[in-house]
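Colleague: Please take a close look at the pockets of this model and at the sheet and helices around them. I would like one connected account.

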Amino acid sequence: MAESYDNLSTSVKIALVGKYTNLSDSYLSVVKALLHASVACSQKPSIQWVSASDLEDATAASAPDAHTKAWETLKGSSCILIPGGFGDRGISGMILAAKYARENKVPYLGICLGMQISVIEMSRHVLGLGNADSEEFNTDTPDCVVMYMPEVSKTHLGNTMRLGCRRTFFRKPDCLTSKLYGNPPHVDERHRHRYEVNPSFVPMLENAGLQFVGCDESGNRMEIVELQDHPFYIGVQFHPEFKSRPRKPSPPFTGLILAATERMRTLTNVSNGDAGASE
Ligand SMILES: NC(=O)CC[C@H](N)C(=O)O
């Protein structure tokens, strides 16, 4: 593994948009999963840390240099990843990053909180529900698109988190995520969250192009989203990074890196082509 890593000559820029960007340890499993997937795609991962709050409009006024730098870093990356997280700091910045990925067709992977961010972003900017939010950040919102759906654990006494390995069934068997996993009827991945997509908003969001392609056995908990008419835009409620291994990269991560590499190639070809045409 170390040998093949040293032989890699190209790198892929991945914008990691989070709250704890000074603490790469917080995202250790995500960083490792990006390494496994990148090496499998013959790339070195070049992680671009973006502090979500630096993307926010308020930062443009209070710290303009940090705001400019954060947007330059985001725009200069070949893909965007929003990992898991808790609490409301940086949420507006994450929503802006997800909007940027959606509108500019930049490959996007949202993990746990990152999937919830996609749902809030689409609800606000495509469905026009300006106050759409997660109950975690706003308990009074009329458009509670991500709701408290605790699970009383039998194994973790007194815990209300949905924890551990859970089964997700593909609702749309021909979806991209199912293909990435090798077309199984279901996948088992690890969970760590309390909130989930509010099922009553699913039909509206699906009409707007956000497909809920995976759910739990009850059909109430939405576990995977995919945006239509986008080269790669996936959100997962579980944490695929925990099952990634050096020679067995996690399928959603591999998909992200493949899509980012493809984007890099297309952008390079386009700019070479333009240069040739103007000569
Ligand atoms: N691990 C996570 O990203 C958790 C997301 C969110 N805070 C929840 O509890 O549902």
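Modeller: What follows goes through the two pockets in turn, and then the sheet and the helices on it.

The model is predicted. Its largest pocket has a volume of about 350 Å³. Its lining is made up of 21 residues, and those closest to the centre are Gly84, Gly85, Phe86, Arg192 and His239. Three elements each give two or more residues to this lining: α2 (28–40), α6 (113–125) and β8 (186–193). Of the contributors, α2 gives the most, with 3 residues. By class, the lining of the largest pocket holds 10 nonpolar, 7 polar and 4 charged residues.

The second largest pocket encloses about 180 Å³ of space. Tyr181, Val187, Asp188 and Glu189 belong to its lining, as do Pro240, Lys243 and Ser244, and also Lys248, Pro249, Ser250 and Pro251. Here β8 gives the most, with 3 residues. The lining of the second largest pocket divides into 5 nonpolar, 2 polar and 4 charged residues. Strand β8 is thus a contributor to the second largest pocket, and it is also among the elements with two or more residues in the lining of the largest pocket.

The sheet gives these elements their setting. It is open and has 9 strands, in the order β2-β1-β3-β4-β12-β11-β10-β7-β8, with mixed pairing. The strands at its edges are β2 (44–51) and β8, each of which pairs on one side only. On average, neighbouring strands of this sheet are turned by 30° against each other, direction ignored. The strand that gives the most to the second largest pocket is therefore also an edge strand, with β7 next to it in the order.

Within the sheet, β10 (residues 210–215) and β11 (residues 222–227) run antiparallel and are joined by 5 bridges. One of the residues involved is Leu210, whose bridge partner in β11 is Leu227.

Two helices can be placed against the strands. Helix α5 (residues 91–104) packs on the sheet and touches β1, β3, β4 (108–111), β11 and β12 (233–236). The direction of α5 makes about 145° with that of β3. Helix α2 lies across β1 (11–18), β2 and β3 (79–82), and runs at about 145° to β2. Helix α2 thus lies across an edge strand, β2, and gives the most residues to the lining of the largest pocket.

Key: Residues numbered from 1 in each chain as written. Predicted model: local features only at pLDDT ≥ 70, side-chain atom pairs only at ≥ 80, totals over all residues. Heavy atoms only, no water. 1 Å grid on protein atoms, 1.4 Å probe; cavity = no way out; pocket = protein on both sides within 12 Å on 5 of 7 lines; lining within 4 Å. Points joined across faces, edges and corners; volume = space filled by probe spheres on them. Helix = DSSP H or I, 4+ residues; strand = E, 2+ residues; numbered from the N terminus. Nonpolar A, V, L, I, M, F, W, Y, C, P; charged D, E, K, R; others polar. Pairing = 2+ DSSP bridges. Axes fitted to C-alpha atoms, helices over the stretch in contact; angles between N-to-C directions. Contact = heavy atoms within 4.5 Å.
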